[in-house]
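Colleague: Before we go through this model together, could you show me the chain, and then explain the reasoning behind the words you use for it?

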Amino acid sequence: MPIVVNLDVMLARRKIRSRELAARIELTEANVSLLKSGKVRGIRFDTLERICAVLDCQPGDILEYVPDNADDALEPRTAGRKSA
């Protein structure tokens with residue numbers, strides 16, 4: 001998946017445990033664990049906002065786009081289009 005979640009990195013940098021983050025953002029420890037592992041399909045903006053407020057960071061510090069291969073980043077999306 002091209003979106004990488006770096007929440008564990010930010011927690012380590014801020015020396016905050018998952019349990020403390022969960023309590024401060026009012027989310028279950030299980031959901032924080034799923035976020036850390038990247039096993040989620042989405043995140044609400046209000047949750048992301050609370051995480052950023054607690055960790056004093058930007059969304060880009062937590063979420064990173066890494067293309068599957070270099071060609072994906074260079075080619076525009078042409079789904080459903082036929083070339084001439």
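**How the helices pack**

Modeller: In this predicted model, helices H1 and H3 are roughly perpendicular to each other.

Colleague: Why are H1 and H3 called roughly perpendicular?

Modeller: The axes of H1 (residues 7-14) and H3 lie 7 Å apart and make an angle of about 110°; angles of 65 to 115 degrees count as roughly perpendicular, and H1 and H3 are therefore described in that way.

Colleague: Which residues make the contact of H1 with H3, and how do they divide by class?

Modeller: Leu7, Asp8 and Leu11 of H1 meet Val32, Leu35 and Lys36 of H3, and this contact divides into four nonpolar, no polar and two charged residues.

Colleague: What makes H2 and H3 roughly perpendicular to each other?

Modeller: The axes of H2 (residues 18-25) and H3 (residues 29-37) come within 9 Å and cross at roughly 115°, and because 65 to 115 degrees is the range for roughly perpendicular, H2 and H3 therefore receive that description. On the H2 side the contact is made by Ser18, Arg19, Leu21, Ala22 and Ile25, and on the H3 side by Glu29, Val32 and Lys36; by class, these are four nonpolar, one polar and three charged residues.

Colleague: Which element has the lowest mean pLDDT, and which the highest?

Modeller: Helix H6 (residues 70-74) has the lowest mean pLDDT, 55, whereas helix H4 (residues 45-55) has the highest, 98. The protein chain averages 88, with 81% of the residues scoring at least 70. Where pLDDT is low, the predicted coordinates should not be read in detail.

Definitions and conventions. Residues numbered from 1 in each chain as written. Predicted model: local features only at pLDDT ≥ 70, side-chain atom pairs only at ≥ 80, totals over all residues. Heavy atoms only, no water. Axes fitted to C-alpha atoms, helices over the stretch in contact; angles between N-to-C directions. Helix = DSSP H or I, 4+ residues; strand = E, 2+ residues; numbered from the N terminus. Parallel < 35°, antiparallel > 145°, perpendicular 65-115°, else oblique. Contact = heavy atoms within 4.5 Å. Nonpolar A, V, L, I, M, F, W, Y, C, P; charged D, E, K, R; others polar. pLDDT = per-residue confidence, 0-100.
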